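Colleague: Got a minute to go through this one with me? I'd like to hear what stands out.

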Amino acid sequence: MKLHVLGSGTAIPHPARGASGYALVEDGVACLIECGPGSTRRWPAAGIDFASARLIVVTHHHVDHCCDLPAVLFGRNVPEPPVRTPLALLGPESHGAHVAAIEAMYGRWVADRGGAREVVSMRDGDAYEAGPFRVDARVMLHSPGALGVRVTAGGRSLAFSGDSGPCDALVELCRGADLALLECSYPAARDVARHLTTKTAAEVAVRADVSRLALTHFYPECDDVDVEAEVRAAGYRGALHLAEDGDVLQVG
């Protein structure tokens with residue numbers, strides 16, 4: 001299973017980092033995690049198209065994590081005939097209402113006219129399977145109902161924090177995963193509860209006994225510090241990767 005980093009940044013425009021977007025690919029099937037604005041433009045480089053994208057997981061409904069979802073729904077309807085491969089749209093508890101609002105706004109252009117689409121609202125502890133993937137969800141410390149997910153395929157697993165501050169559920173999500181992908185919004189000096197910093201991300205990884213850690217979702221403030229040095233200073237000693245747009249990582 002390969003992880004493609006489609007966007008390692010945030011809502012703040014950055015010359016090198018797009019908004020949140022990731023893709024796991026196994027046996028030619030893609031599970032998209034987040035669908036931030038502009039993330040879909042990296043699909044072709046990752047070998048992803050509308051037919052291969054079978055799942056889209058949105059961890060929460062902040063715009064920098066889900067703004068390209070209407071574009072995907074629209075794009076599936078543009079070809080003739082339209083794309084009719086199954087598509088599961090996974091998200092937090094309010095996801096059904098979110099997708100319904102998109103449909104109300106854009107009408108028939110984003111409608112599921114062929115019955116190929118399933119909308120799944122996930123609560124803490126829920127699981128969903130499609131194609132080679134299993135997605136397990138936990139509720140994180142961020143906006144109400146925001147999810148972190150563990151995605152498993154081919155015997156390998158990725159734990160992804162979504163947006164979250166440090167919490168027991170995140171530690172449990174990461175424990176035993178082959179790769180933990182954690183947000184790292186700010187430098188250690190920033191006092192914030194509902195995001196991770198270089199310090200708190202390292203502390204979560206240490207508590208979860210993570211052996212392989214990738215950090216992402218960097219706000220521009222992180223450009224001004226040595227992120228790796230701050231992570232090491234907080235006690236994390238395992239393998240560490242600082243994500244950049246276009247990265248491809250093997251999971252496990």
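**Helix α5 and onwards**

Modeller: Sure, starting with α5: the elements covering its buried residues include α4 (168-174), β11 (179-183), β12 and α6 (227-233). Keep in mind that this is a predicted model.

Colleague: Which residues of α5 are buried?

Modeller: T198, T200, A201, A202, V204 and A205.

Colleague: And what happens just after α5?

Modeller: D209 takes a positive phi there, about 55°. D209 belongs to the loop between α5 (198-207) and β12 (212-216).

Colleague: Is D209 buried or exposed?

Modeller: Exposed, as its relative accessible area is 66%.

Colleague: OK, new topic. What is the phi of E34?

Modeller: Near 75°, so a positive value in a residue that isn't glycine. E34 sits in the loop between β3 (29-33) and β4 (53-57).

Colleague: Buried or exposed, that E34?

Modeller: Buried, with a relative accessible area of 1%.

Colleague: Which side chain makes a polar contact with the side chain of E34?

Modeller: That of H65, at 2.7 Å. The side chain of H65 also has a polar contact of 3.5 Å with the side chain of H217.

Colleague: Where is H65 found?

Modeller: In helix α1, which covers residues 63-66. H65 counts as buried because its relative accessibility is 1%, against a cut-off of under 20%.

Colleague: Leaving aside neighbours within four places in sequence, what is H65 in contact with?

Modeller: With S20, E34, C35, G36, V58, T59, H60, D163 and H217.

Colleague: There's a cysteine in that list. How many disulfides are there?

Modeller: The count is 0 disulfides, with sulfur pairs required to be within 2.5 Å. Take C31: the nearest cysteine sulfur belongs to C35 and is 12 Å away, so C31 is in no disulfide.

Colleague: Is C31 buried or exposed?

Modeller: C31 is buried, at a relative accessible area of 0%.

Colleague: And C66, how far away is the nearest cysteine sulfur?

Modeller: It is that of C67, 6.8 Å away, and C66 is in no disulfide either. C66 is another buried one, with 5% relative accessibility.

Colleague: Let's switch to the sheet. In what order do the strands come?

Modeller: The order is β6-β5-β4-β3-β2-β1-β14, which gives an open sheet of 7 strands with mixed pairing. Its edge strands, β6 (117-121) and β14 (248-250), each pair on one side only. From one strand to the next, the twist averages 20°.

Colleague: In which sense do β4 and β5 pair?

Modeller: Parallel, over 3 bridges. V57, for instance, has L90 of β5 as its bridge partner.

Colleague: Which strands does α2 lie across?

Modeller: β4, β5 and β6, with α2 running at about 170° to β5. There is also helix α3 (residues 95-106), which lies across β5 and β6 and runs at about 140° to β6.

Colleague: Last one: which peptide bond is cis, with omega near 5°?

Modeller: The one from E80 to P81. P81 is in the loop between α2 (69-77) and β5 (87-91).

Colleague: Great. Before I go, remind me which side chains H65 makes polar contacts with?

Modeller: Those of E34, at 2.7 Å, and H217, at 3.5 Å.

How values were computed: Residues numbered from 1 in each chain as written. Predicted model: local features only at pLDDT ≥ 70, side-chain atom pairs only at ≥ 80, totals over all residues. Heavy atoms only, no water. Buried < 20%, exposed > 50% of the residue type's maximum accessible area, 1.4 Å probe, protein only. Helix = DSSP H or I, 4+ residues; strand = E, 2+ residues; numbered from the N terminus. Polar contact = N/O pair within 3.5 Å; in protein donor to acceptor, adjacent residues only side chain to side chain. Contact = heavy atoms within 4.5 Å. Pairing = 2+ DSSP bridges. Axes fitted to C-alpha atoms, helices over the stretch in contact; angles between N-to-C directions.
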